[in-house]
Amino acid sequence: MYIYDLTLEKLIDYFLKHDEKKFYATELFKWLYEENKRLTDFDLATNLKKEIREKLKEDFTISTIEIVNKESAPDVLKYLFRLNDCEHIEAVLMKHDYGNSLCISSQVGCNMGCKFCESGRRKKVRNLRVGEMVEQILLVEQESGLKISHIVIMGIGEPFDNYDNICDFIKIINHPKGLNIGARHITVSTCGLVPKILEFSDFPYQVNLAISLHAPTDALRKTIMPIAKVYSLKDLMNSLDIYYKKTKRRITFEYILLDNVNDSEKDALALAKLLKGKNAYVNLIPYNETSTLQFKRSNPLKIARFYDILKKNNITVTIRREFGGTISAACGQLRSKKEEV
């Protein structure tokens, strides 16, 4: 087993099953996640009995991923990790004035098939384990020397296609004895898996939900996002209404602007109409072009016009600050470069 897969509750169950006190689970959890500990060997947990440490060594491994490449630009670091089955994933550290945000991967590849996405171009191999997501944070903090204050589950993969592991991951990183990252500093992004949005509305943590929308109509969305052929915008918006009614949490809508695809004034007006009256926040994203996909980024004037139309229609909107223009910025691009050489 992989020690970072276990929430504190599951670790307690493990110790109770072996007729040991819950206290040992709490102490081990602190050894795993406290900044001045972060053990790499169970023998370092000196306040655990020797026989417990020996049992832990028999039953668990600690580390299973490693950093194999890093690219940097002002205020951004992009990491490539190799997993123990020799697959690769990515994470991106972005430095903001409010803290350091890490965008992590949730799967090896992705089956959602969004036409503009480098990750979707290369199909899903498997889900990431809970610990493989946790270790992305631990290794980046160790390598960079920086404290991560915000987590965005928006890297390679569709998080809600790995739902149970995502929920355990959030429990670990949010726990006061874990990484103690505030729930409101954690964002989960989905392209719109309606049943999982409804299920997530009952998840008892005040994390943020972001929707990869990228088109204001079903007809347009179907041309660039296969998920739209399964769940219509009506289905999606209905599920989000239920989510908001239960959680009272504002929903972010991500909208990548693609030149001559979804960036017209007509598209902006349609988006404003779709979101009218909702507690919504739109994040306009300049597209990161790749050599393998035909899409191009919208020009600055069109981006500004799109933004202005939304503002004039009382939609809360920002244009995402760009990071890493000189590195492999597109999600999945660093992995593709490594595995397609």
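Mentor: Two strands pair if DSSP finds at least two bridges between them. Keep that in mind for this predicted model.

Trainee: Which residue in S9 stands opposite Ser189?

Mentor: Start with the strands. S8 covers residues 186-190 and S9 covers residues 208-212. They run parallel, joined by four bridges. Opposite Ser189, in S9, stands Ala210.

Trainee: Which strands are the edge strands of the sheet?

Mentor: The sheet is open and has ten strands, with mixed pairing. Its order is S1-S2-S3-S4-S7-S8-S9-S10-S11-S12. An edge strand pairs on one side only. That gives strand S1 (66-73) and strand S12 (316-319).

Trainee: What angle does the direction of H6 make with that of S7?

Mentor: Helix H6, residues 163-174, packs on the sheet. It touches S4, S7 and S8. Its direction makes an angle with that of S7 of about 175°.

Trainee: Which strands does H11 touch?

Mentor: Helix H11, residues 300-312, packs on the sheet too. Its direction makes about 165° with that of S12. The strands H11 touches are S10, S11 and S12.

Trainee: Is H1 parallel or oblique to H2?

Mentor: Take helix H1 (residues 8-17) and helix H2 (residues 22-33). Their axes come within 8 Å and cross at roughly 135°. Angles over 145 degrees would count as roughly antiparallel. The crossing angle therefore makes H1 oblique to H2.

Trainee: How many residues of the contact of H1 with H2 are nonpolar?

Mentor: H1 brings residues including Leu8 and Phe15; H2 brings residues including Lys22 and Thr26. One residue of the contact is polar and one is charged. The nonpolar ones number nine.

Terms used:
Residues numbered from 1 in each chain as written. Predicted model: local features only at pLDDT ≥ 70, side-chain atom pairs only at ≥ 80, totals over all residues. Heavy atoms only, no water. Axes fitted to C-alpha atoms, helices over the stretch in contact; angles between N-to-C directions. Helix = DSSP H or I, 4+ residues; strand = E, 2+ residues; numbered from the N terminus. Parallel < 35°, antiparallel > 145°, perpendicular 65-115°, else oblique. Contact = heavy atoms within 4.5 Å. Nonpolar A, V, L, I, M, F, W, Y, C, P; charged D, E, K, R; others polar.
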